[in-house]
Amino acid sequence: MSVKNYILTHRDRFIDEWFSLLRIPSVSSQGEHKADMIVCAERWREMLLSSGFVRAEVMPTTGNPVVYAERIFSPDAPTVLVYGHYDVMPPEPLDLWKSPPFEPEIRDGYVWARGADDDKGQAMIQLKGFETALREDLLRCNVKFILEGEEEIGSPSLEAFCTANSDLLKADVILVSDTSMVNEATPSLTTGLRGLAYWEIEVTGPNRDLHSGHFGGAVANPVNVLCHILAQLIDDDGRITIPHFYDDVEELSAAEKEMLAQVPFDEERYKQSIGVAELRGEIGYSTLERNSCRPSFDVCGIWGGYTGEGAKTVLPSKAYSKVSCRLVPNQDYEKITRLFISHLQSIAPKYVSVNVSRHHGGQAYVCPIDLPAYKAAEQAFTIAFGKKPLAVRRGGSIPIIPTFEQILGIKSVLMGFGLERNAIHSPNESFGLERFFTCIEAVAEFYRIYR
């Protein structure tokens, strides 16, 4: 039986198993779903065993558990470590979903559910690609699986787990499906990810909320002050104003610019797809450079004062904001954090106090395109999709990838299958049903080639 035939024969079962995961609301950022995290980890363990792994277990961490599995053919064979995550983003706002987020539905050729892409769909592609290769006797390497339950909150427990289990996780390469392709017609392999630094700012003024009539105009309003501080962090040319922020940023080489030029990109269509009339970013760089190869600063949330129904004339005591920077290779997120905190303290006026809390962060990552596993993935994509994939840097971040390299000494190949239209982290997340099966074929072909 060929790869395509095996996938076709087991198509309905693959969908049923995928849906069994999508129905579990494994939202790592919400405490009420703690039990669901355990349920989801156990479901993964069951499916790993039924798909052909001879060992699979749920292993404790200081947070949500890790699911580990392995199938070892020979100590002399190369070993692939597949990484994925079973936690998902919160589904809110619920009223924007066309169908319930944890009741997967096939509609218009797509599967709609939270996690359909990120990352239950893509992790299932890896699992079913492994199963297909195993059943078709294509597998000639050892395979290990590690699935965490905290990627969406910065993987706080995984680094310690990897350090404590470095022998268990020994491998020649890590295969990751948690990134995206250029578009439906253009397969691509991700060769770089931006790093991330994420903070929360608290601005405090008076010791309590005040009557805006009695105190307005005489006491600084923390919300006003916070807005003014944030507005100073980007100049009119789209440059981040933190001193020394760009010290370690390298310009793209001529070869990298040539690779970027091969990416099909329609700027008008891009604007229409997100409903904006004009784009805005750092002067002197193209849109593709700005969203993948240049650093960025964004306010991810801002709040303070009264936001309920009706009016309340209040001058709030506090204001808050969550902000993030996407970083590029050579920018260290710890150094950027120190620069950011120092700068905010230097520009904060004396009539308020400013406190910055660190959330998660991670370094940028670049994958060498001469790795044997990268070459195998490139050939596998060519077989499954009918054309050679482009090598493309992406603007997102997976902080654990550079951590893997630091602790385990292993490079990762970013074999992602998502699309921008899949709306990960947003309402109505989806994944194309037929593309799901094509992607499984690509993974199976990877195992045929990689020896």
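Two strands pair if DSSP finds at least two bridges between them. Strands (E, at least two residues) and helices (H or I, at least four residues) are DSSP runs, numbered from the N terminus. The views below show a predicted model, in which local features need pLDDT of at least 70 and side-chain atom pairs count only at pLDDT 80 or more, while totals for chains, interfaces and linings use all residues. Residues are numbered from 1 along each chain as its sequence is written, and side-chain values use heavy atoms, with hydrogens and water left out.

**View 1. Strand 2 and its partners, strand 1 and strand 6.**
In strand 2, Tyr 68 is the bridge partner of Glu 57. Strand 1 (residues 55-59) pairs with strand 2 in the antiparallel sense, over five bridges. The two strands form a hairpin, with six residues between them. Strand 2 also pairs with strand 6 (residues 142-148), again antiparallel and over five bridges. There, Ile 146 of strand 6 is the bridge partner of Tyr 68. How many of the six residues of strand 2 are buried? Five are, so strand 2 (residues 66-71) is largely enclosed by the rest of the structure. Buried means under 20% relative accessible area, exposed over 50%, and partly exposed in between (1.4 Å probe, protein chains only).

**View 2. An open sheet of three strands.**
The strand order is 4-5-18, and the pairing is antiparallel. Strands of a sheet pair through backbone hydrogen bonds, either parallel or antiparallel. Strand 4 (105-107) and strand 18 (430-432) stand at the edges. Each has a single partner strand, so one side of each is left without a neighbour in the sheet. From one strand to the next, the twist averages 30°. Axes here are lines fitted to C-alpha atoms, for helices over the stretch in contact, and angles run from 0 to 180 degrees between N-to-C directions. Strand 4 and strand 5 (residues 110-112) pair over three bridges. One bridge partner set is Glu 105 with Trp 112 of strand 5.

**View 3. An open sheet of four strands, with two helices.**
This antiparallel sheet has the order 11-13-9-14. Strand 11 (296-304) and strand 14 (353-362) are the edge strands, each pairing on one side only. The twist averages 20° from one strand to the next. Strand 11 pairs with strand 13 (residues 318-327) over eight bridges, in the antiparallel sense. Ser 324 in strand 13 is the bridge partner of Asp 298. Helix 7 (residues 222-231) lies across strand 9 (195-204), strand 11, strand 13 and strand 14. Helix 7 runs at about 15° to strand 13. Helix 11 (residues 333-347) also packs on the sheet, touching strand 9, strand 11, strand 13 and strand 14. The direction of helix 11 makes about 165° with that of strand 14. Contact means heavy atoms within 4.5 Å.

**View 4. Aromatic rings and the charges over them.**
The structure holds 19 aromatic pairs. One of them joins Tyr 83 and Phe 404, edge-to-face, with 5.3 Å centre to centre and 75° between the planes. Tyr 83 lies in strand 3 (residues 79-85) and Phe 404 in helix 13 (residues 400-408), so the pair ties together parts that are 321 residues apart in sequence. Both residues are buried. Rings of Phe, Tyr and Trp (its six-membered ring) pair if their centres lie within 6.5 Å; planes under 30 degrees apart count as stacked, over 60 as edge-to-face and the rest as tilted. Ring pairs also link Trp 18, Phe 19, Phe 431, Phe 436 and Phe 437 into a cluster. The charged end of Arg 435 sits over the ring of Phe 431, 4.2 Å from its centre. Arg 239 lies over the face of Tyr 246, 3.7 Å from the ring centre. A charge sits over a ring if NZ of Lys or CZ of Arg is within 6 Å of the ring centre and within 35 degrees of the ring normal.

**View 5. Cysteines without disulfides.**
The structure holds zero disulfides (pairs of cysteine sulfur atoms within 2.5 Å). Why is Cys 367 without a bond to Cys 293? Its closest cysteine sulfur, in Cys 293, is 15 Å away, too far for a bond. Cys 367 is buried, at 3% relative accessibility. For Cys 439, the nearest cysteine sulfur is that of Cys 367, 18 Å away. Cys 439 is buried too, with a relative accessible area of 0%.
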